[in-house]
Amino acid sequence: MEQNKKSVEELKTELSKHGVFTTTFEELYNWGRKNSVWPLTFGLACCAIEMIATTMARYDLARFGAEVFRASPRQADLIIVSGTVTKKMAPQVVRLYNQMPEPKYVIAMGACAISGGPFRDGYNVLKGIDRYIPVDVHIPGCPPRPEALIDAFMTLQKKISEQQLTGEERPRHLKVDLPSEFPVPEYGEHGLEPTENAEVWNPLKVLQ
Amino acid sequence: MAEQTINTEGLKAAIEAAVPGCRVEILPNGSPSEQHSLILDNEHAIAVARFLRDDPKLRLDFCSDVAGVDWLDFEVTEKVKVKKLIDGVETEVEETKKTVTPGYLEAVYHLFSMEKKHGPVVVRLRTANRTDQTRVPSLTPMWRSAEYQEREAFDLFGIVFEGHPDLRRILMWDEFTDYPMRKDYVPPADDDEPVAAIRESGQ
């Protein structure tokens, strides 16, 4: 298999020297997808300011095909959770994610979005959005610089370009029986109910 | 703003003269700011507030802050020397005496005058306790700017403002039943197991 792949790559290089471009449907499809990821116009806190800066002329996210921030989740491929997710806001974030069409991706930007950050011990802050929706790329930082967001974006592009369209390894959105919508948490008497979606959330285990 | 401080003793006397029967207590502030506060009794609070707002010399027309404070029950232990008869002889014995003062909730109002350019006058209202009698009169009818801040104090401390036009939670959702800024509030031990375990293991 590995040998086969290598020889295919060699053949491709050889053909390109003669002006013949070869590709696979999967590569072409993923190339198109990764270069037209449209994020949702959605910001929560100070990280959103960095996200806005990333889209402006100096950092120019348009170079990656992501200049169109869509104001409707129905036209967006990517939700950048940029900032503190309060418990009061969390159901709305999940609902926005549910309204996006597949394939859809999530970048959790900054310490708050990935873990609650400096507000983790507070009574009103969700301890990471990955408790309710599947996150593709986590960016640490408080707030992360635009370069970090660009790096996360390129990581996401790499992830998209490596996704297989067939086989067992294919991503969630190509598996019919896997969900594309996730349960929206409800406001409870003491906090959100449930406190996490066990199917999505895989916390690190401490091995003793 | 060129602020002139208002003499607290004089203010207390003026209030007591204007609102008969009211009880005003001065709570001194020992810091260099010397912002002493006045503790009003709940029955006459509205009348005193109206006086503070409308009196031509005071004209405290602006309520800048309403803050909630939670005072837990506090216990004072002191050693008292008591004379007792022991074996027919009067001897002095030291005894420890515990006094428990029940806790209460407090709403603190900071009042200024735009017209007279003076302030602040700090006014405090106290509830009877912090469990079942958590009512104080609302001063929103006197200062509209107190409306949202009283809602916030209601939301986070559970102070019930009687006479408030729209007393609902403002920051937390309506279904929420706790008062998270109270000192004995314990957040739900929801979901912090991995971090708790890491903290315990000391890594």
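The following paragraphs describe the fold, helix packing and backbone geometry of chains A and B in a predicted model.

Chain A contains six helices and five strands. From the N terminus, the order of these elements is α-α-α-β-α-β-α-β-α-β-β. The C-alpha trace of chain A extends over about 70 × 40 × 40 Å along its principal axes. Of the 208 residues in chain A, 38% are buried. Among the contacts in chain A with a sequence separation of 6 or more, 75% link residues 24 or more positions apart.

Chain B is built from four helices and nine strands, arranged along the sequence as α-β-β-α-β-β-β-β-β-β-α-β-α. The box filled by its C-alpha atoms, taken along the principal axes, is roughly 70 × 60 × 35 Å. The radius of gyration of chain B is 22 Å, whereas a compact globule of 203 residues would have a value near 17 Å. Buried residues constitute 39% of the 203 residues in chain B. Pairs 24 or more positions apart supply 56% of the chain B contacts that have a separation of 6 or more.

Within chain B, helix α1 (residues 8-18) packs against helix α2 (residues 45-54) at an angle of about 115°, and the two axes lie 10 Å apart. The crossing of α1(B) past α2(B) is right-handed. On the side of α1(B), the contact involves Leu11(B), Ala14(B), Ile15(B) and Ala18(B), while α2(B) contributes Val48(B), Phe51(B) and Leu52(B). The contact between α1(B) and α2(B) comprises seven nonpolar residues, with no polar and no charged ones.

Helix α3 of chain B (residues 146-157) was examined for both length and environment. For its 12 residues, a rise of 1.5 Å a residue gives an expected span of 16 Å, and the end C-alpha atoms are indeed 16 Å apart. Nine of the 12 residues of α3(B) are buried, so the helix is largely enclosed by the rest of the structure. The buried set consists of Ala146(B), Glu147(B), Glu150(B), Arg151(B), Ala153(B), Phe154(B), Asp155(B), Leu156(B) and Phe157(B). These buried residues pack against three strands of chain B, namely β3 (62-71), β6 (104-113) and β9 (160-162). Just beyond α3(B), Gly158(B) adopts a positive phi of about 80°.

A corresponding analysis was made for the N-terminal region of chain A. Helix α1 of chain A (residues 2-17) has 16 residues, for which 1.5 Å a residue predicts a span of 22 Å; the separation of its end C-alpha atoms, 23 Å, agrees with this. After α1(A) comes Gly19(A), with a positive phi near 80°.

Positive phi values also occur at residues that are not glycine. Most residues other than glycine have a negative phi, and most peptide bonds are trans. In chain A, Asp60(A) has a positive phi near 55°. Asp60(A) is located in the loop that connects α3 (46-55) to β1 (78-82) of chain A. The relative accessible area of Asp60(A) is 27%, so this residue is classed as partly exposed, the class that lies between under 20% for buried and over 50% for exposed. In chain B, Arg59(B), likewise not a glycine, has a positive phi of about 45°. Arg59(B) occupies the loop between α2 and β3 of chain B and is partly exposed, with a relative accessible area of 23%.

Cis peptide bonds were identified at two positions in chain A. One joins Glu102(A) and Pro103(A), with omega of about -5°; Pro103(A) belongs to the loop between α4 (90-99) and β2 (105-109) of chain A. The other runs from Glu193(A) to Pro194(A), where omega is near -5°. Pro194(A) is placed in the segment after β5 (192-193) of chain A.

A contact between sequence-distant segments of chain A is illustrated by Val184(A), a residue of the loop between α6 (146-161) and β4 (186-187). Val184(A) is partly exposed, with a relative accessible area of 26%. Although Val184(A) and Arg95(A) are separated by 89 residues in sequence, their C-alpha atoms are 6.4 Å apart. With neighbours within four places in sequence set aside, the contacts of Val184(A) are Pro91(A), Val94(A), Arg95(A) and Asn98(A).

Note on methods:
Residues are numbered from 1 along each chain as its sequence is written. Chains are lettered from A and ligands numbered from 1 in the order in which they are written. This is a predicted model: local features need pLDDT of at least 70, side-chain atom pairs count only at pLDDT 80 or more; totals for chains, interfaces and linings use all residues. Side-chain values use heavy atoms; hydrogens and water are left out. Axes are lines fitted to C-alpha atoms, for helices over the stretch in contact, and angles run from 0 to 180 degrees between N-to-C directions. Helices (H or I, at least four residues) and strands (E, at least two) are DSSP runs, numbered from the N terminus. A crossing is left-handed if the near helix is turned anticlockwise from the far one by less than a right angle, and right-handed if clockwise. Contact means heavy atoms within 4.5 Å. Ala, Val, Leu, Ile, Met, Phe, Trp, Tyr, Cys and Pro count as nonpolar, Asp, Glu, Lys and Arg as charged, and the others, Gly among them, as polar. The expected span of a helix is 1.5 Å times one less than its number of residues. Buried means under 20% relative accessible area, exposed over 50%, partly exposed in between (1.4 Å probe, protein chains only). The radius of gyration is taken over C-alpha atoms; the globule rule is 2.2 Å times the number of residues to the power 0.38.
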